[in-house]
Amino acid sequence: MKLECKSLNFRYEKNTPLVLDSFSATYDSGVHLLKGYSGCGKSTLLKLLAGYLPPSSGEVTFEGECAVASQAYRASLMSFLFQQLNLLPLASLKDNLLLSSSLNRASTQDVEYWLDKIGLAGQLNKRPSELSGGQQQRVAIARALIKKPRVLLLDEPTSGLDDLNTEAIKQLIREYREEDKESICIISTHDSRLSDLADSIYDFNRYLPIEERLEQMVKRTS
Amino acid sequence: MTLLLALLGILIQGILSSLELKIQEKIENAGVRTILISNHVKPFEVPSTEAEKYLIKDLLKDKGKVIEFKRLGVSATWRENKRIPIYAYDRDEIAFFDLELPFSETGAYYFTKNHDYDEPITLAIIDRERRAVSVDGMKCEIPSGLRSFVNADNFLLLPKQYSTRFEATGYYSFQAVEVDRLEDLGEVIGKLETLFKFDRRNVQMVDQRQLFDELEKLYSIQSQWRIGVALLISAVLTLLIGSTALLEFRQNQYVIALLKSFGVSSYIIAISFIVENLVLVSLGLFLAAAIMVSASQDAMRALSNTFGTSTLEWTFSFEDLNVLMMASYIGVALALLPVFNSLKKPVGRVLQ
């Protein structure tokens, strides 16, 4: 299985600097970590790989086909965990989980299975606002995994989480990988605790212009 | 806000309907097809009214009939010495008019308002020399047909044979021309005007054209108000729906982006928003129309009581509903603009 980007250029607005400049990479089956400073373009790359942003130029292909912006890719092949989770606050956990997989026809049993797996068994009717940050993060991961995606894109999945919750999330990713060894999991993170999951780590800082890299290094050391 | 405007609209419509009723009553009382020609005959003057009557009859041909009433210069008294005006008529002429007069042997009547039962009475007529002449007659309510000819609430109606002796003191003559068909009214008035102009006669002619004009004017004001209020309500509705849609814009944008991120097609999202808005607005309009009919009828009843008019009618206007429907659907179209805008926006620009 292969997710590939070729000569990607991306800028958010006209006449603004490029966030990604002629970026090319190939992601095979396995877990890939994207590391780098804030604002270096990790999340933007994930959104481009998900088809959530149209590239200014270049292309993203899945299995050799330029299908990332297609409905089928989003509905069945790919799942995305947003940094801000984007759970529906007034909907129950069950509805939140079913919503993401509505096109894959996940059942209530599937929801119960995943809630059990993330330690929230029997809490189908609870609302996200009634959960802690760590629990919400786990629900968001479960929402991404319930449809059994071939491509899993996770944007900062453990930011702000304690070790226990981080370990729970790592375990979910491991199990997902074990179930589908062909799947591709790309994680954008600052968190070094995830390093042991990775089959490969991409240092995103090297794509930054030299001035920005120096600026980031000065900030880090000071 | 919309309700307040609707109530204001109903109130104005009520006032206008009340005015309309009053004019209609006036027209009914005055006689729609009647023209009154009045002349003053001075004491001892040889009247030209007989000749005039024949001229008018000739001019009318088969288009109508004419009757002469004379308002005498003397008056009658009955109880408490109340002075009652006296009108004289020709028994042969009145037979051609369907006035539903009750039976009176002498042909004399004392007409008064709100008199429940007919009763024979004797009145005294005082002539110029202060001599009293008694007349037997029937006291009864004024028949509606007679109201077209005589504009008075209490009067004595005497046959010509009794009145002749009082005419020497002068009188007002009223030639009441009743045109058979309303369509001929204009033509007859035109001919009469030409006749009197040709004769250089100073006569007064009263017809109901002015009242019809007044009624037309009122209808036009009524329709302008109706359209105005409907447009105002429509503008408020459009603004309300439009601004609610704008307030919901961010919420919709978020939900739409989330649905798109899960792979739901933009077409399905668009159709669901269109159907939802259309169904809700149509349902709202249907309920509003149903409530409006009954509320308006209640309001009209209340207004009827307030203005003291017997029947104020409110007819449901599909034109008003059409304007409201148009405004609501324009509101729906406005409300859909942010939805279409959100559908075009890439998911990655909305969700972080």
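**Notebook: sheet, helix pair and chain contact**

I began with strand S3 (residues 30-35) of chain A, which is joined to S8(A) by 4 bridges, the two strands running parallel. The model I am reading is a predicted one, and I keep that in mind for every entry below.

Looking along this pair for facing residues, I noted that A:Leu34 stands opposite A:Tyr202, the latter lying in S8(A).

I then asked which order the strands of the sheet take. I found 5 strands of chain A in an open sheet, ordered S5-S6-S7-S3-S8, with parallel pairing. At the edges I found strand S5 (78-81) and strand S8 (200-203) of chain A, each of which pairs on one side only. For the twist I looked up the turn between neighbouring strands of this sheet, which is 15 degrees on average with direction ignored.

Next I turned to a helix pair, remembering that two packed helices are described by the angle between their axes and the distance between the axes. In chain A, helix H5 (residues 133-145) packs with helix H6 (residues 163-179) at an angle of about 10 degrees, and their axes are 10 Å apart. I therefore entered H5(A) as roughly parallel to H6(A), since angles under 35 degrees count as roughly parallel.

Which residues make the contact between these helices? From H5(A) I listed A:Gly134, A:Gln137, A:Arg138, A:Ile141 and A:Leu145, and from H6(A) I listed A:Asn165, A:Ala168, A:Ile169, A:Leu172 and A:Tyr176. Sorting the residues of this contact of H5(A) with H6(A) by character, I have 6 nonpolar, 3 polar and 1 charged.

I moved on to chain B, for which I recorded 11 helices and 9 strands. Of the 352 residues in chain B, buried residues make up 25%. I also looked at how far apart in sequence the contacting residues of chain B lie: among contacts between residues at least 6 apart, 80% join residues at least 24 apart.

My last entry concerns the contact between the chains, where I asked how many residues each one gives. Chain A contributes 16 residues and chain B contributes 11 residues. On the side of chain A that touches chain B, helix H2 (71-77) and helix H3 (93-100) of chain A each supply at least two residues, and the largest share, 3 residues, comes from H2(A). By character, the residues on that side of chain A divide into 8 nonpolar, 6 polar and 2 charged.

Technical notes. Residues are numbered from 1 along each chain as its sequence is written. Chains are lettered from A and ligands numbered from 1 in the order in which they are written. This is a predicted model: local features need pLDDT of at least 70, side-chain atom pairs count only at pLDDT 80 or more; totals for chains, interfaces and linings use all residues. Axes are lines fitted to C-alpha atoms, for helices over the stretch in contact, and angles run from 0 to 180 degrees between N-to-C directions. Angles under 35 degrees count as roughly parallel, over 145 as roughly antiparallel, 65 to 115 as roughly perpendicular and the rest as oblique. Two residues are in contact if their C-beta atoms, placed from the backbone, lie within 7 Å. Ala, Val, Leu, Ile, Met, Phe, Trp, Tyr, Cys and Pro count as nonpolar, Asp, Glu, Lys and Arg as charged, and the others, Gly among them, as polar. Two strands pair if DSSP finds at least two bridges between them. A residue is buried if 20 or more other C-beta atoms lie within 10 Å of its own, exposed if 12 or fewer, and partly exposed in between; C-beta atoms are placed from the backbone.
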